[in-house]
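User: Please take a close look at the nonpolar core of this model. Then set that part against the rest of the chain.

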Amino acid sequence: MDNKEALKALEPKEVFNYFYEISNIPRGSGNEKQISDYLMKFAEKHNLEARQDKALNVVIKKDGTKGYKHLPAVILQGHMDMVCEKNESYIHDFLRDPIKLKLEGEYLTAEGTTLGADNGIAVAYCLAILAAKDIPHPPLEVIITSEEEIGLKGAAKLKTFDIEGKYLINIDAEDEGVFFSSCAGGARTIIDLPIHWEIEPEEYDKYSLMITGLKGGHSGGEINKNRGNSNKLIGRILNQLKKTCDIKLAYISGGLKENAIPREAKAKLLVNKKNNILFKKQIDQISTAIKNELALSDPNFNIDVEISNDSEKRMFSDETTDNVISILMNIPYGVQTMSMDIEGLVESSTNIGVVQVDKDSIKFKSATRSSVGSLKQYILEQIETLAKSNNAKFELVSSYPEWKYNRHSKLRELFIKVYKEEYNKKPEIAAIHAGLECGLLSEKLENVDMIAIGPNMHDVHTPDERLNIKSTKRTWEFILQILKEIKQI
């Protein structure tokens, strides 16, 4: 059986068939027109009421089945976009190419790229339920949003004038048997540093420096795992080199998405010919030190340095280079505070996810999260102050609220009851240090009872992203059981 046929044989078939279909549609954040139109065509094919707004959000409605028509509507919710990350050497155009799915034991993953199970599996679940003729359920309102991965932009623009549901099931979590009842708020920021260019001197050799081998990961769910951040590390390397060697910086970049811990970074350096031996010695010493620090979290960390034949004759001024190093050395990264209410929960964090040269400026893009609004604001003020002290501009790109815990959730009690009956054990009720759309939707939809669930996924937002197949099946069956038992509320 070839890989395609093996994929089609996965259970539940209806879910994986839809996941296969949407994996053939490019749907990176900001490139969702095709997938949004696909959802509208699906609704038309199945004679379902649907609407698409200017932000490309899609709302699809389906009447309740016999015996459930009188019940309050249930909202099923997820997002259509995915984080587009790939291995440096893998050739893939996220604007045109399909995701190449493959099986690895008990997991579904992708060849060289992110899988897009975050949050394509929610879309697949919803489509399978909407298309089914034999699943008992109350009236359904399916909300599939756009641009979730770049600041919940679709949810922020969603109009809710026709949404009547009283219960909302968000399917954007990644741990089976863990029911999320609150989440962190977040914000995206940019430090925009102008580049002052100079002509490179002749007495310097050109080198390219590349950081590879880091694991990366979700900047919310995996921020507490002490994984190396390539942007912070390259700033540290440059800082140490500049202390002992006469170096000039001509280019720097790292990371692809603000909400993914960056795995790779590169810089183009000019090194005074007199310092070549010292430069290489320093690289070896720095590499040894960092490898030792990251031995458990990122055992494959590596620094590659090669002679460069780049024909570019420009370089950053010393002032620009100093500003770059200052920003990367001082911009906050990682866990900032831990919750005192929930043991083990990250309360606030920030991730410098992208460094990129854009014509005559360098952009440093961060994603900040906190379940306490004032702490989020404090981190943003730190980043803004850092920008000003380095003669750079600060931009707040987006901001979204936290989702507050509802102590009187009837929906959560039903989930706990059904889970105990199905698995003879208690589920975990938790808060998540990630931005779920429940925060925005709870502001737009007053008094709607919400919960977030999902099957087991690992290393999302990286090319190692994988979806557990059996967990996907169990979560599917659990959702169907919830829809069947919802009349108990």
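Analyst: The core comes first, then the chain around it, then some backbone details.

This is a predicted model, in which local features need pLDDT of at least 70, side-chain atom pairs count only at pLDDT 80 or more, and totals for chains, interfaces and linings use all residues. Residues are numbered from 1 along each chain as its sequence is written, and side-chain values use heavy atoms, with hydrogens and water left out.

A nonpolar core is a set of buried Ala, Val, Leu, Ile, Met, Phe, Trp, Tyr and Cys residues joined through side-chain atoms within 4.5 Å. Buried means under 20% relative accessible area, exposed over 50%, and partly exposed in between (1.4 Å probe, protein chains only). The largest such core has 67 residues. Phe19, Leu108, Ile169 and Phe415 have the most contacts inside it. Its largest share, 12 residues, comes from helix 4 (residues 117–131). Helices (H or I, at least four residues) and strands (E, at least two) are DSSP runs, numbered from the N terminus. A second, separate core has 42 residues, including Leu193, Leu209, Leu249 and Leu269.

Look at leucine 108. Contact means heavy atoms within 4.5 Å. Beyond its neighbours within four places in sequence, leucine 108 contacts Leu7, Phe16 and Phe19, among others. Its partners also include Leu101, Leu103 and Leu115. Glu465, Arg466, Leu467 and Ile469 are on the list too.

Now helix 4. Cysteine 126 sits in this helix. Cysteine 126 has a relative accessible area of 1%, so it is buried. Not counting residues up to four places away in sequence, it touches Leu76, Val142, Ile144 and Ile171. Tyrosine 18 is 108 residues from cysteine 126 in sequence, yet their C-alpha atoms are 9.5 Å apart. Asparagine 119 also lies in helix 4. A cis peptide bond joins aspartate 118 to asparagine 119, with omega about 10°.

Step back to the whole chain. It holds 12 helices and 25 strands. Of its 489 residues, 60% are buried. Among contacts with a separation of 6 or more, 79% are between residues 24 or more positions apart. The radius of gyration, taken over C-alpha atoms, is compared with a globule rule of 2.2 Å times the number of residues to the power 0.38. The chain has 24 Å, which agrees with the value near 23 Å for a compact globule of 489 residues. The C-alpha atoms fill a box of roughly 85 × 55 × 45 Å along the principal axes.

Some backbone details remain. Most residues other than glycine have a negative phi, and most peptide bonds are trans. A second cis bond, with omega about 0°, joins glutamate 11 and proline 12. Proline 12 is in the loop between helix 1 (3–8) and helix 2 (13–23). Leucine 56 has a positive phi, near 75°. Its place is the loop between strand 1 (49–52) and strand 2 (58–62). Leucine 56 counts as buried because its relative accessible area is 17%. Asparagine 391 has a positive phi of about 55°. It lies in the loop between helix 9 (373–389) and strand 21 (393–400). Asparagine 391 is at 52% relative accessibility, so it counts as exposed.
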